[in-house]
Amino acid sequence: MPASETVSETVDAFHRGRFHLVQPKGRGHRAGMDAMLLASLVDAAGAVTVADLGAGAGAAGLAVAARLDTARVTLVERSPEMLVFAERSLKLPENAGISERVTLVEADVTLTGRARVAAGLPDDAFDHVIMNPPFNDAGDRRTPDALKAEAHAMTDGLFESWIRTAGAIMIPGGQLSLIARPQSIAEIIDACGKRFGGLEVTPVYPRAGENAVRILVTAIKGSKARLNLRAPLLMHDDPESHRFSPFVDDLNNGRAAYSRKGR
């Protein structure tokens, strides 16, 4: 993805230039493939309201808005600094076609009850909630970069609190979508509990014969359907090349959605 750089930030083109993102340079979380895979899980034929929890600079939410011209997206982020990057992204002339459909909310995803509603996250308000929670153990890969540590380090009960909020702000029958490390699968299933059913889990492998590095999870609020383990996604189908497989490249560039198999 091409980038024009300044001292402390970059402006990066995603989806082959269909939207641009202002991101911090040399610190904080840098958006990439994870955000694009997460955005691909939103598949809607008509108008849809989407909340991107822990949105950071807004990569996943903006990717949804760029691909689906009927989507209205709310970026939810507790870091004022990261929200400034998102706000500046929306002011870029390259994003003029999506900026009016994107709203920013400064809020901690773990808020509950009246505090959550007061922060701008009311009950039963969204058709779709997406999330890319921090998924490194707090003791892993310690970094002096506080902004990056906040974006990457998992806390106890993280999935429970984030998925609880998703369930509260989503309409009945709405879809939850998230990307995480495979090691978190048990916590995710447990957190979905009776709130969500019809879980569909897709392991993401770098190449055939290698271990999964991510899982994509979707679920439906109030569904009674059983869990379904889907066929894996292979990032690279050529063991000698770093080129993405054709379908993954389509997902990464907003040319396709990774649709659910059932409801």
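Here a student and a tutor talk through a predicted protein model, asking why its parts get the labels they do.

Student: What is the protein made of, in terms of helices and strands?

Tutor: The protein has 8 helices and 12 strands. Of its 263 residues, 52% are buried.

Student: Let's take one residue. Why is threonine 218 called buried?

Tutor: Its relative accessible area is 4%. Buried means under 20%, so threonine 218 earns the label with its 4%. You will find this threonine in strand β10, which covers residues 214–221.

Student: What makes the pairing of threonine 218 and arginine 260 a polar contact?

Tutor: Their side chains come to 2.7 Å. The cut-off for a pair of N or O atoms is within 3.5 Å, so the 2.7 Å between these side chains qualifies. Arginine 260 is also among the residues in contact with threonine 218, and others include Leu41, Gln175 and Gly198.

Student: Gly198 has come up, so where is glycine 198 found?

Tutor: Glycine 198 sits in strand β9. Its contacts, leaving out residues up to four places away in sequence, are Thr218, Ala219, Ser223, Ala225, Arg226 and Arg260.

Student: Is glycine 198 buried or exposed?

Tutor: Buried: the relative accessible area of glycine 198 is 3%, and the limit for that label is under 20%. There is also a pairing to look for in the structure: glycine 198 and glycine 262 are 64 residues apart in sequence, with their C-alpha atoms 7.7 Å apart in space.

Student: Which other residue of strand β9 could we look at?

Tutor: Try threonine 202, since strand β9 runs over residues 196–205. Threonine 202 counts as buried because its relative accessibility is 1%, and the label asks for under 20%.

Student: How do you know that threonine 202 makes a polar contact with tyrosine 258?

Tutor: The two side chains are at 3.0 Å, and the distance has to be within 3.5 Å. Threonine 202 also touches Ile215, among other residues. From C-alpha to C-alpha, threonine 202 and isoleucine 215 are 5.4 Å apart, while in sequence they are 13 residues apart.

Student: Now for charges. How many salt bridges does the structure hold?

Tutor: There are 12 salt bridges. One of them joins the side chains of glutamate 9 and arginine 88.

Student: What makes glutamate 9 and arginine 88 a salt bridge?

Tutor: The N to O distance is 2.6 Å. A side-chain nitrogen of Lys or Arg must be within 4 Å of a carboxyl oxygen of Asp or Glu, so this pair of Glu and Arg at 2.6 Å fits. The two partners are 79 residues apart, with glutamate 9 in strand β2 and arginine 88 in helix α3.

Student: Why do glutamate 9 and arginine 88 get separate labels for burial?

Tutor: Glutamate 9 has 10% relative accessibility and counts as buried. Arginine 88 has 37% and is partly exposed, because that label covers values between the 20% limit for buried and the 50% limit for exposed.

Student: Which partner does arginine 116 have in a salt bridge?

Tutor: Aspartate 123, with the closest N and O atoms 2.8 Å apart. Arginine 116 is buried at 7%, whereas aspartate 123 is partly exposed at 46%.

Student: How do you know that lysine 221 and aspartate 124 form a salt bridge?

Tutor: Their closest N and O atoms are 3.2 Å apart, and the cut-off is within 4 Å. Lysine 221 belongs to strand β10 and aspartate 124 to the loop between α4 and β7, so the bridge ties together parts 97 residues apart in sequence. Lysine 221 counts as buried at 18%, under the 20% limit. Aspartate 124 is partly exposed at 45%. Elsewhere, Arg16, Asp249, Asp250 and Arg255 are joined into one network by salt bridges that share partners.

Student: Finally, why can isoleucine 185 belong to a patch on the surface?

Tutor: Isoleucine 185, in helix α7, has a relative accessible area of 31%. Patch residues need over 30%, so 31% is enough for isoleucine 185 on that point. Ile185, Ile189, Leu227 and Leu229 make up this nonpolar patch, with about 340 Å² of accessible area together.

Technical notes:
Residues are numbered from 1 along each chain as its sequence is written. This is a predicted model: local features need pLDDT of at least 70, side-chain atom pairs count only at pLDDT 80 or more; totals for chains, interfaces and linings use all residues. Side-chain values use heavy atoms; hydrogens and water are left out. Helices (H or I, at least four residues) and strands (E, at least two) are DSSP runs, numbered from the N terminus. Buried means under 20% relative accessible area, exposed over 50%, partly exposed in between (1.4 Å probe, protein chains only). A polar contact is a pair of N or O atoms within 3.5 Å; within protein, one must be able to donate a hydrogen and the other to accept it, and residues adjacent in sequence count only if both atoms are side-chain atoms. Contact means heavy atoms within 4.5 Å. Patches are made of residues with over 30% relative accessible area and no salt bridge: like charges are joined within 9 Å, nonpolar side chains (Val, Leu, Ile, Met, Phe, Trp, Tyr) within 5 Å. Accessible areas come from the Shrake-Rupley method with a 1.4 Å probe; for residues, only the protein chains shown count as cover.
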